[in-house]
Amino acid sequence: MAMFFLWMGVMSFALPLVTPLDCFTCVSMRSMQDCVDFQKETRCLRETDQCRNMTVQVYVSMIRQNVTGYQRGCATHAQCLFKRCSGHFAEKYGEKSSTYNFCRMSCCQENLCPQINSTSSTDSNDPVMGARGNASRITHHGSVFAAAVLFLSAFSV
């Protein structure tokens, strides 16, 4: 029994103390500001170590339209590093997590950050606000996304 307590004491110093991150969470199909207006504080799971703002456009097969969603929530380091919009709103409509036309996100590593919308843009190539997108914009972003995937896959093992 003494060995058990000794082992527990050693392990308590060997394993770092990780406190889960708190992030704002929300989803809106109108705008990031609408999302922020109804956001809630959430304790993230231990495997997520960052908060993120995300604007993502997905073709939703069920309604045969492109839908733009605005989200805040918890994310992993890999999702932020590689700008993966996995976990987007359209998964609830049967779309794959890795399937989207456009993704813009920003991440931070502090509790309840960022305080403001950091995915807003005036770029004319971004999806339009609201639920419907423009097909020519999707083709442009889809081809850029495909080229990036091909480029990155050439370097993966």
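Is cysteine 23 buried or exposed, and what is its relative accessible area? Cysteine 23 is buried, at a relative accessible area of 0%, where buried stands for under 20% relative accessible area, exposed for over 50%, and partly exposed for what lies in between (1.4 Å probe, protein chains only).

Before going further, keep in mind that this is a predicted model, in which local features need pLDDT of at least 70 and side-chain atom pairs count only at pLDDT 80 or more, while totals for chains, interfaces and linings use all residues. Residues are numbered from 1 along each chain as its sequence is written, and side-chain values use heavy atoms, with hydrogens and water left out.

**Stop 1: the sheet**

Select strands β1 to β5 and colour them separately; helices (H or I, at least four residues) and strands (E, at least two) are DSSP runs, numbered from the N terminus. What appears is an open sheet of 5 strands, in the order β2-β1-β4-β3-β5 and with antiparallel pairing; two strands pair if DSSP finds at least two bridges between them. At the edges are β2 (40-43) and β5, each of which pairs on one side only. Neighbouring strands of this sheet are turned against each other by 25° on average, direction ignored, the axes being lines fitted to C-alpha atoms (for helices over the stretch in contact) and the angles running from 0 to 180 degrees between N-to-C directions.

Within the sheet, turn to β3 and β4, which run antiparallel and are joined by 11 bridges. To find one point of this pairing, pick arginine 52, whose bridge partner in β4 is glycine 73.

**Stop 2: the loop after β3**

Follow β3 (50-60) to its end and select isoleucine 63, which is placed in the loop between β3 and β4 (65-75). Isoleucine 63 has 45% relative accessibility and counts as partly exposed. Now add Met62 and Tyr93 to the selection: together with Ile63 they form a nonpolar patch on the surface, with about 330 Å² of accessible area together. Patches are made of residues with over 30% relative accessible area and no salt bridge, like charges being joined within 9 Å and nonpolar side chains (Val, Leu, Ile, Met, Phe, Trp, Tyr) within 5 Å. The areas come from the Shrake-Rupley method with a 1.4 Å probe, and for residues only the protein chains shown count as cover; a salt bridge is a side-chain nitrogen of Lys or Arg within 4 Å of a carboxyl oxygen of Asp or Glu.

**Stop 3: the disulfides**

Display the cysteine side chains next. The structure holds 6 disulfides, a disulfide being a pair of cysteine sulfur atoms within 2.5 Å. With the bonded cysteines of the chain numbered in sequence order, the pairing reads 1-5, 2-3, 4-6, 7-10, 8-9, 11-12.

Return to cysteine 23, which forms a disulfide with cysteine 51, the two sulfur atoms being 1.9 Å apart. The torsion about this S-S bond is about -90°, so the disulfide is left-handed. Cysteine 23 lies in strand β1 (residues 22-28) and cysteine 51 in strand β3, so the pair ties together parts that are 28 residues apart in sequence. Cysteine 51, at 1% relative accessibility, counts as buried.

Move on to cysteine 80, joined by a disulfide to cysteine 107 with an S to S distance of 2.0 Å. This link is left-handed, with -85° about the S-S bond. Since cysteine 80 lies in helix α3 (residues 77-81) and cysteine 107 in strand β5 (residues 102-108), the pair ties together parts that are 27 residues apart in sequence. Cysteine 80 is buried, at a relative accessible area of 8%, whereas cysteine 107 counts as partly exposed at 26% relative accessibility.

A further disulfide is that of cysteine 108 and cysteine 113, with sulfur atoms 2.0 Å apart. With 110° about the S-S bond, the link of cysteine 108 and cysteine 113 is right-handed. Cysteine 108 is buried, with a relative accessible area of 16%, and cysteine 113 counts as buried at 10%.

**Stop 4: backbone details**

Stay at cysteine 113 and show the backbone: a cis peptide bond joins cysteine 113 and proline 114, with omega about -20°. Proline 114 is placed in the loop between β5 and α4 (135-153), and leucine 112 is also placed in the loop between β5 and α4. Leucine 112 is not a glycine, although its phi is positive, at about 55°; at 19% relative accessibility, leucine 112 counts as buried.

Finish at lysine 83, in the loop between α3 and β5. Phi of lysine 83 is near 50°, a positive value in a residue other than glycine, and lysine 83 counts as partly exposed at 43% relative accessibility.
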